[in-house]
Amino acid sequence: MWSVADHETLLLALAVADSQQTLLDQLVKGSARALTGVTLWRQEEGTLALQGWSGTAQDEGTPVPLPGAPKYLLGWTPDAPLPASVQAMLGLRLLYLDALHEKLHLNDQLSILHHAALTDPLTGLDNRRAFDRHLEAVEDTHEDYVVVFIDLNGFKALNDKFGHALGDSLLRGYGVWLSRVTHERAQVYRLGGDEFVVLLRHTPMSPEAFMVWAMDRLQVPFVDGVSAAIGIAWRHECDSVRALLSLADERMYAAKKAELTSPEIMHRRRFRDLR
């Protein structure tokens with residue numbers, strides 16, 4: 001009932017099957033009617049769990065452990081000898097599919113962990129670790145770029161007065177606002193607390209025009225009493241990345257100090273136009 005040609009063809013088909021169900025279907029279709037039905041079982045904690053079946057029989061045949069894969073058992077009808085080479089190929093392919101599934105699962109878990117490691121859980125923006133990595137990558141291109149440091153004036157007072165829920169909503173909303181106004185030209189990060197960073201490459205504006213744009217468009221548009229202190233530094237201004245970040249930080253704190261003592265800022269109108 002098992003010709004040499006049919007036997008070899010079946011082994012080749014089993015060797016490339018990409019799923020358990022394909023294995024079972026190939027076993028029935030490629031057996032030259034030697035089998036009318038097969039069932040596949042997996043032994044888990046002392047019990048047998050049906051994995052799948054093919055052909056006319058769903059529950060016929062006595063399950064037999066497969067060589068090399070003792071957790072798997074195969075039942076088949078009619079009750080006739082099944083070549084040892086076919087059983088061995090089934091066992092090997094099932095082990096391979098298990099390993100492949102486990103690898104894909106681990107890759108998915110690693111992707112989730114990698115994303116979590118580089119993402120701020122509150123705002124969904126990239127975090128400080130991501131900023132450090134992206135800055136290093138941009139630095140390797142030897143191109144000019146702009147770093148914008150942002151610290152929110154008045155945030156702590158609002159947080160203390162109205163609670164963390166409102167404060168968290170403000171941080172999330174401001175993160176969305178920054179992403180919206182910078183579009184695809186920049187990457188936005190939350191470093192922690194009320195500190196944000198915007199990293200821009202290839203800005204078409206002159207430094208003067210960009211400063212005017214940033215001071216207007218990167219402000220907090222929707223909350224009275226909270227404003228953004230902004231410090232901007234260009235890569236060409238500094239000899240090193242550390243000096244660049246230090247310069248942006250210094251300019252941000254200078255802006256923060258100026259805003260805290262400016263009557264104009266103290267009387268900022270309640271809502272900005274969401275342009």
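The questions and answers below go through a predicted model and ask what supports each term used for its strands, helices and salt bridges.

Q: What makes Val147 count as buried?
A: Buried means under 20% relative accessible area, and Val147, which has its place in strand S5, comes out at 0% relative accessibility, so it counts as buried. Leaving aside neighbours within four places in sequence, the residues in contact with Val147 include Phe131, Leu135, Val197, Leu199, Ile232, Leu244 and Ala248.

Q: Why is strand S5 called largely enclosed?
A: The term rests on the count of buried residues: nine of the nine residues of S5 are buried, so the strand is largely enclosed by the rest of the structure. Tyr145, Val147, Phe149, Asp151 and Asn153 point one way from S5, while Val146, Val148, Ile150 and Leu152 point the other way, and all of them are buried. The pattern follows a general rule, because in a regular strand the side chains alternate between the two faces of the sheet.

Q: How do you know that S5 pairs with S7 and with S8?
A: Two strands pair if at least two bridges are found between them. S5 (residues 145–153) and S8 pair in the antiparallel sense over eight bridges, and S5 and S7 do so, likewise in the antiparallel sense, over seven bridges, so both pairs meet the requirement of at least two. Individual partners can be named as well: Val147 stands opposite Leu199 in S7, whereas in S8 the bridge partner of Ile150 is Ile230 and that of Asp151 is Ala229.

Q: What makes S6 and S8 the strands at the edges of the sheet?
A: Four strands form an open sheet in the order S6-S7-S5-S8, with antiparallel pairing. Strand S6 (186–192) and strand S8 (227–234) each have a single partner strand, so one side of each is left without a neighbour in the sheet, and they stand at the edges. Neighbouring strands of this sheet are turned by 20° against each other on average, direction ignored. Helix H7 (residues 207–217) lies across S5, strand S7 (195–201) and S8, and runs at about 160° to S8.

Q: How do you know that Arg235 and Glu139 form a salt bridge?
A: A salt bridge requires a side-chain nitrogen of Lys or Arg within 4 Å of a carboxyl oxygen of Asp or Glu, and the closest N and O atoms of Arg235 and Glu139 are 2.8 Å apart, so the pair qualifies. Arg235 lies in the loop between S8 and helix H8 (241–260) and Glu139 in helix H4 (residues 128–140), so this salt bridge ties together parts that are 96 residues apart in sequence. Arg235 has a relative accessible area of 12%, and is therefore buried.

Q: What makes the pair Asp151 and Lys256 a link between distant parts of the sequence?
A: The side chains of Asp151 and Lys256 meet in a salt bridge of 2.4 Å, N to O. Asp151 lies in strand S5 and Lys256 in helix H8, so the pair ties together parts that are 105 residues apart in sequence. Both Asp151 and Lys256 are buried.

Q: Why are Asp160 and Lys156 called exposed?
A: Exposed means over 50% relative accessible area; Asp160 stands at 53% and so counts as exposed, and Lys156, with 60%, is therefore exposed too. Their side chains meet in a salt bridge of 2.9 Å, N to O, and both residues lie in helix H5 (residues 155–162), four residues apart, about one turn of the helix.

Q: How do you know that the buried residues of H5 lie on the same side of the helix?
A: In H5, the buried residues are Phe155, Leu158 and Asn159. They cover an arc of only 100° around the axis, which puts them on the same side of H5. What covers the buried residues of H5 includes S5 and helix H6 (164–182), while the face turned away from the buried side carries the exposed residues Lys156, Ala157, Asp160 and Lys161. Just after H5, Gly163 takes a positive phi of about 100°.

Terms used. Residues numbered from 1 in each chain as written. Predicted model: local features only at pLDDT ≥ 70, side-chain atom pairs only at ≥ 80, totals over all residues. Heavy atoms only, no water. Helix = DSSP H or I, 4+ residues; strand = E, 2+ residues; numbered from the N terminus. Axes fitted to C-alpha atoms, helices over the stretch in contact; angles between N-to-C directions. Contact = heavy atoms within 4.5 Å. Buried < 20%, exposed > 50% of the residue type's maximum accessible area, 1.4 Å probe, protein only. Arc of directions from axis to C-beta.
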